[in-house]
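User: Could you walk me through this one? I'd like short questions with reasoned answers.

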Amino acid sequence: MEQDESDKPRKDETPAYYYADSGIEERHGHVPLWLWGVAAALAVWGVYYLVANWSPPG
Amino acid sequence: MVAANTAQETPDGTLVNRELVRAWLAWSLVWLTVFPLVGLVVSIKFNAPEFLGDTPWLTFGRLRPVHVNGVIFGAFSAPLLGLLYYMIPKLCGRNMVAERQGWWALHGWNLFLIAGSLSLLMGYNSGVEAAEYPWPVNLLRYGVLGLVTAQVLITLLRRRERGFYVSLWYVMAALVWTLLNLILGGVILPYVEMTGISNATLHGLYIHYVVGLWITPAGLAVVYYFMPLAAKNALYSHRISLLGFWSLALFYPFVGLHHYVFSPIPYQHQTISIMTSMMLIVPVWAVVTNIFGTAKGRWGEIVGGNTADHYSAKFLLLSALFYLLACFQGSTEALRRMQELTHFSDFVISHSHGTIFGTFVIGVMGGMYYVWPRVTGRQLWSAKLASWHLWLTIAGSTLMFLGLAAQGFIQGSMLEYGANFVDTLQEMKPWWLARTLAGATMDIGLVLMMVNFYCTARYGKPFAEPLAEVGRRLETRPAGERTDWLAQPSAVFLVAGLGFFAAAVLTQGVIPGMAMEANSNRVTDVPTGMAVRAAGYTPQEQHGREVYIREGCWYCHSQYIRPVAGETLRWGPLSQPGEYAWDQPHMLGTRRIGPDLSRVGRKYGDDWHAAHHWNPRQVVPDSVMPRFPWLFELGKDGMPQLNDDGQALVAYVQRLGVNVGDWRETFGPTSLSAGDAVQISPANRNELLKLGEQVYRRRCAGCHGDKGDGNGRAAAMLRIKPRDFTTGIFKFHSTPGTDALPTDQDLYATISHGLWGTPMPPWYDIPAEQRMAVVQFIKTFSTRWATEEVEAPVAVPTEPAVTVQSISHGHELYAANCGFCHGDNGHGDGIAAVGLQDSWGHPATPADYTLPAGAPGGVKLGHDGTHLFKTVMNGVGGTPMPSFSASMSPMDMWDTVHFIQSLRIDAHMQELQRAGLPAADEQEARRKLWQNISAAAGKGQIETSVLLRSMGRAAAAMKGAG
């Protein structure tokens with residue numbers, strides 16, 4: 001029998017965990033590089049902002 | 001409702017008490033309809049302030065907290081709690097512990113919502129935003145939430161499922177955080193004694209914990225649970241879940257103070273809140289990536305599908321989209337420059353609607369679409385109604401979100417450019433209409449949802465829950481990956497639930513309150529720059545404060561002046577921490593539908609406030625303020641007069657902002673604008689008259705009447721009657737002769753400055769061109785302007801030095817010429833003071849020179865030397881105060897002026913001494929007070945001995961000795 005297109009595993013699939021009673025399946029997955037980049041950029045900005053704005057102007 | 005459908009039992013069907021979940025969700029439909037509808041009623045009041053306005057419990061200030069708390073704890077929390085009774089057993093692989101207690105929880109929660117809403121309508125309001133319910137209602141809420149928390153945590157600890165799914169992290173943390181936060185809002189804020197700034201600091205945390213540590217994590221638990229099921233796809237990434245949850249748990253507890261940026265809360269703690277607000281971009285983008293990733297490859301089916309599961313997925317994706325937009329808005333909104341522009345405006349309301357409704361109410365509705373067929377055993381009755389619900393929600397929420405944000409930018413820009421505050425409200429009115437339409441659109445969608453769910457339960461086709469919820473099974477493996485400590489209950493409970501929360505409360509709540517300025521009633525007296533102590537409220541003022549809270553005045557009027565957006569020129573000196581020493585609960589506020597009231601004390605006369613509260617539009621035609629007729633009783637003359645509550649409220653309002661001294665005497669905008677007028681060329685006069693008439697109709701006619709005869713609609717309530725312009729007689733003029741016509745500059749000065757202690761307010765905050773124009777229009781009411789020449793202003797000789805001799809001589813002149821009416825000590829209580837009348841037969845009271853700016857009975861245009869000189873020289877038009885130009889030489893007049901000024905300075909020094917001015921500072925304080933009102937003293941021409949003691953007493957002694 002021909003396999004349904006939606007049943008074919010994806011190339012980027014990672015191991016997953018199946019919560020049997022709820023029926024939820026959860027990929028282990030990964031955090032995209034761009035999201036790490038956003039987090040890192042914000043962290044750098046955050047430190048700068050704290051230092052630059054610790055005391056009121058004047 | 002259908003009974004539990006055992007025919008559709010699935011192998012795990014016994015885990016969930018379907019009847020219980022169904023009952024929770026059925027009640028949720030009621031709250032989802034009722035509380036947003038209250039919001040619709042509230043929004044109509046922006047367009048029609050009189051709408052349902054004569055009944056106390058239907059006024060804006062009572063309905064607004066019913067709407068806000070109702071949406072948070074009814075429209076969102078009721079379905080959320082109901083969904084927990086579905087999610088928790090399924091995620092834990094066992095029934096909810098003490099499952100039947102869920103019925104008590106449901107009845108208790110409904111009782112809490114009903115009792116809480118009725119309490120607020122009746123005026124029982126704690127004054128703590130988002131924690132307004134009275135304590136018995138809070139106790140009930142706490143009991144129910146505690147019960148649910150116990151059920152959830154014990155079920156979780158006894159779970160059979162080894163995996164600890166991300167929804168459980170959020171649920172666990174949300175419940176722990178909220179039980180702690182409700183203690184903060186319900187016990188600590190109202191009952192633990194603290195200063196207003198400490199109160200505001202902790203309240204900033206509390207109010208955002210309601211949003212960030214209850215609604216957000218609980219809502220995300222729902223989205224995370226139902227998205228994979230509704231999309232029939234695996235959750236995109238466990239690792240992103242970790243990043244999203246832990247970054248939220250780390251940053252969110254610190255952000256609350258961004259509600260009070262530019263307030264007297266210590267600056268560095270505001271900075272921490274702004275930085276952490278921006279860092280929230282990380283968890284938001286993480287969650288959105290995860291949710292959209294979960295829909296990857298299924299978009300076509302979701303968008304094209306017509307089952308309840310498809311609509312569940314559509315609402316969940318819409319929720320995620322609003323989460324992305326509204327939370328990015330929220331993060332950037334915390335930045336100081338954005339706060340300058342948008343804070344207190346509808347931009348904030350855009351954010352709250354975008355997050356609470358747009359994100360999380362829509363999210364729980366997505367969960368309800370998934371669960372309802374499963375607990376009723378019926379297929380969704382109408383896909384068409386669900387589609388209408390979806391599209392009405394999209395249309396209404398988007399219009400609400402974008403429209404309110406645009407309003408914020410528009411109003412903020414207008415205010416930054418110096419527009420009159422009420423003029424900015426006028427600009428908001430078309431947008432407010434759009435807001436009402438947006439709200440109605442959303443509410444119609446909610447009603448359709450309720451109808452659809454009712455019909456589903458009643459008429460829907462039988463529904464068989466699929467054995468496998470996920471259509472496409474991936475390779476699975478044991479829970480080895482779940483052994484990460486960060487994904488364990490102990491980490492969530494100890495680190496996120498307790499650790500980060502405690503660290504944030506300590507850093508952002510307790511430490512700022514320990515700063516000396518926040519913890520003291522010490523303030524800087526504005527006229528002298530000296531340290532004094534802010535006084536507490538009198539019993540009447542305290543009662544007025546309670547009325548202020550009860551009537552919800554604080555929902556529309558803030559009480560802190562920021563150092564940005566021209567607020568110190570608009571309303572008065574910058575707010576200081578010590579001013580709030582006696583303010584518990586604090587009234588800093590988060591919204592300005594009306595102007596800030598920090599400095600409103602003595603700006604308007606008591607009569608003006610009475611007329612304004614009786615019918616705001618009689619005095620300010622563009623006002624959207626509600627009427628408060630229940631603050632009045634019928635007087636003996638048949639006119640409404642303030643009852644005890646009303647008098648107390650006015651006493652409280654008149655007290656606001658005066659703890660930093662008599663700053664109004666030298667307030668720049670009223671003084672500087674006085675010389676701003678120009679002579680008008682005939683060519684421009686007609687243009688100006690058109691504008692002047694518009695200004696007059698909008699701002700003056702309510703008191704002075706359409707015909708300028710002083711018989712406006714509000715005039716009957718004013719004891720000091722508005723000027724009758726038809727006579728062409730004005731109190732203050734620089735031209736010679738008691739009833740001489742004033743110059744344009746004189747009228748301009750009076751309009752800009754207002755007349756203290758009378759219903760005539762200052763109008764410095766309208767554009768100069770409007771003031772110039774209305775001067776021209778006022779002159780059209782009397783024929784005197786057409787038949788008489790306006791004489792040249794009198795020359796004011798240079799003021800001589802302020803000396804003991806000058807003051808003493810002035811005292812002699814005063815006793816001979818003025819004391820008969822103004823009294824020996826300048827209190828306006830001379831033997832001839834009783835029975836004086838003005839030219840219209842109204843009572844006329846001689847001025848009490850000792851009173852501070854704006855006090856009833858005091859001087860009306862200030863103690864400035866030049867002004868007093870002109871007044872003595874030219875008299876006061878239409879009153880018994882004559883011109884003394886014939887009986888006094890210019891130098892005699894200056895001496896008299898110096899004595900009059902010394903009366904005020906002596907009284908002012910006594911006020912400062914009562915406020916705790918150190919004796920060592922008295923001489924310097926006296927010097928500064930003189931410099932504020934005397935040009936000669938300002939140039940250093942003041943004798944040192946004048947600064948050493950009370951000059952009034954010294955002069956009296958000298959006179960006695962002589």
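Below is a run of questions and answers on the chains shown.

User: Before we start, what kind of model is this, and how is it numbered?

Analyst: Residues count from 1 along each chain as its sequence is written, while chains are lettered from A and ligands numbered from 1 in the order in which they are written. Side-chain values use heavy atoms, with hydrogens and water left out, and local features need pLDDT of at least 70, side-chain atom pairs need pLDDT 80 or more, and totals for chains, interfaces and linings use all residues, since this is a predicted model.

User: Which pattern does chain A follow along its sequence?

Analyst: Helices are DSSP runs of H or I with at least four residues, strands are runs of E with at least two, and both are numbered from the N terminus. Chain A has one helix and two strands. Read in order, the pattern is β-β-α.

User: What share of the 58 residues in chain A is buried?

Analyst: Buried means under 20% relative accessible area, exposed means over 50%, and partly exposed lies in between (1.4 Å probe, protein chains only). By that cut-off, the buried share of the 58 residues is 34%.

User: Which helix gives the largest share of the largest nonpolar core?

Analyst: A nonpolar core here is a set of buried Ala, Val, Leu, Ile, Met, Phe, Trp, Tyr and Cys residues joined through side-chain atoms within 4.5 Å. The largest one has 232 residues, and Trp109(B), Trp214(B) and Phe226(B) have the most contacts inside it. Its largest share, 24 residues, comes from residues 196-231 of chain B, which is helix α6.

User: And how many residues does the second, separate core have?

Analyst: Its members include Leu689(B), Tyr696(B), Leu861(B) and Val872(B). The count for this second core is 71 residues.

User: Where is the proline that follows the cis peptide bond after Gln584(B)?

Analyst: That bond joins Gln584(B) to Pro585(B), with omega about 0°. Pro585(B) lies in chain B, in the loop between α18 (567-570) and α19 (606-614).

User: Is Ala98(B) buried, exposed or partly exposed?

Analyst: Ala98(B) has a positive phi of about 50° although it is not a glycine. You'll find Ala98(B) in the chain B loop between α2 (60-92) and α3 (101-121). Its relative accessibility is 42%, so Ala98(B) counts as partly exposed.

User: Then what about Phe262(B), buried or exposed?

Analyst: Phe262(B) isn't a glycine either, and its phi is positive, near 75°. Phe262(B) sits in the loop between α7 (238-251) and α8 (267-279) of chain B. With a relative accessible area of 12%, Phe262(B) is buried.
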